[in-house]
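Please walk me through this protein. Start with how to read its surface, then turn to its contacts.

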Amino acid sequence: METVIRNVAEIEAHDREALEHVLGHALRENQQLEIRIVNPQGDPEPVTAPVQHPTNGSPPLPEWCNVYDGLSDDEITALEKTILQRAELSRPSE
């Protein structure tokens with residue numbers, strides 16, 4: 001299996017028009033295009049889902065950034081209330 005990844009902003013206009021015609025919609029400058037070549041009769045290599053990365057070229061955030069994962073909306077609200085109170089950001093503006 002072969003995978004080709006291209007930044008839309010770097011694709012020449014005539015090639016981009018052809019790709020948009022095949023896809024059936026316009027491409028945005030901040031997107032990436034990923035094309036896979038696979039054998040439909042059954043490739044011995046396992047087909048894995050591509051890793052989703054931001055299109056701006058930045059690496060993905062580390063796991064510890066997902067501080068609210070697994071919390072309910074009520075738990076997030078209670079946590080936010082405590083944080084704002086301790087930071088004294090919950091007082092009304094004058």
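A residue is called exposed when its relative accessible area is over 50%, buried when that area is under 20%, and partly exposed in between. Glu17 has a relative accessible area of 54%, so Glu17 is exposed. This residue sits in helix 1. The model is a predicted one, and the values below are computed from it.

**Overall layout**

The protein has 2 helices and 2 strands. Read from the N terminus, the order is β-α-β-α. Strand 1 covers residues 2–7 and helix 1 covers residues 13–23. Strand 2 takes in residues 32–37. Helix 2 spans residues 73–86. Of the 94 residues in the protein, 6% are buried.

**Confidence**

The average pLDDT of the protein is 78. A score of at least 70 is reached by 72% of the residues. Among the elements, helix 1 has the highest mean pLDDT, at 90. Strand 1 has the lowest, at 83. A word of caution applies to any prediction: where pLDDT is low, the predicted coordinates should not be read in detail.

**Salt bridges**

How many salt bridges does the structure hold? There are 3. The table lists the pairs.

| Pair | Closest N to O distance |
|---|---|
| Glu20 and Arg16 | 3.3 Å |
| Arg16 and Glu29 | 2.4 Å |
| Glu34 and Arg36 | 3.6 Å |

Arg16, Glu20 and Glu29 form a linked network of salt bridges. Take the pair within helix 1. Glu20 and Arg16 both belong to this helix. They are 4 residues apart, about one turn of the helix. The geometry behind this is general: an α-helix has 3.6 residues a turn, so residues three or four places apart point the same way.

Next comes the pair with Glu29. Arg16 bridges to Glu29 at 2.4 Å between the closest N and O atoms. Arg16 belongs to helix 1 and Glu29 to the loop between helix 1 and strand 2, so this pair ties together parts that are 13 residues apart in sequence.

The remaining pair is Glu34 with Arg36, whose side chains meet in a salt bridge. Glu34 has a relative accessible area of 34%, so it is partly exposed. Arg36 is partly exposed too, because its value is 28%.

**A closer look at Arg16**

Is Arg16 buried or exposed? Its relative accessibility is 15%, so Arg16 counts as buried. The cut-off for buried is under 20%. Arg16 is found in helix 1. Besides its salt bridges to Glu20 and Glu29, the side chain of Arg16 reaches the backbone oxygen of Leu27 at 2.4 Å.

Leu27 can also be placed relative to Glu17. Glu17 and Leu27 are separated by 10 residues in sequence. Their C-alpha atoms lie 9.0 Å apart in space.

**A contact from strand 2**

Gln32 belongs to strand 2. With a relative accessibility of 38%, Gln32 counts as partly exposed. Which residue does its side chain contact? The side chain of Gln32 makes a polar contact with the side chain of Asn7, at 2.9 Å. In sequence, Gln32 and Asn7 are 25 residues apart. In space, their C-alpha atoms are 4.4 Å apart.

**Helix 2 and a nonpolar patch**

Helix 2 has 14 residues. From first C-alpha to last, helix 2 reaches 20 Å. That is close to the 20 Å expected at 1.5 Å a residue. Just after helix 2, Glu88 takes a positive phi of about 55°.

Ile83 lies in helix 2. At 45% relative accessibility, Ile83 counts as partly exposed. Which residues join Ile83 in a nonpolar surface patch? They are Val67, Tyr68, Leu71 and Leu79. The patch has an area of about 420 Å².

**In brief**

The protein runs β-α-β-α. Arg16 in helix 1 is buried and takes part in a salt-bridge network with Glu20 and Glu29. Gln32 in strand 2 contacts Asn7 through side chains. Ile83 in helix 2 is part of the nonpolar surface patch.

Methods:
Residues are numbered from 1 along each chain as its sequence is written. This is a predicted model: local features need pLDDT of at least 70, side-chain atom pairs count only at pLDDT 80 or more; totals for chains, interfaces and linings use all residues. Side-chain values use heavy atoms; hydrogens and water are left out. The expected span of a helix is 1.5 Å times one less than its number of residues. Patches are made of residues with over 30% relative accessible area and no salt bridge: like charges are joined within 9 Å, nonpolar side chains (Val, Leu, Ile, Met, Phe, Trp, Tyr) within 5 Å. Accessible areas come from the Shrake-Rupley method with a 1.4 Å probe; for residues, only the protein chains shown count as cover. A salt bridge is a side-chain nitrogen of Lys or Arg within 4 Å of a carboxyl oxygen of Asp or Glu. Buried means under 20% relative accessible area, exposed over 50%, partly exposed in between (1.4 Å probe, protein chains only). A polar contact is a pair of N or O atoms within 3.5 Å; within protein, one must be able to donate a hydrogen and the other to accept it, and residues adjacent in sequence count only if both atoms are side-chain atoms. pLDDT is the predictor's confidence in each residue, from 0 to 100.
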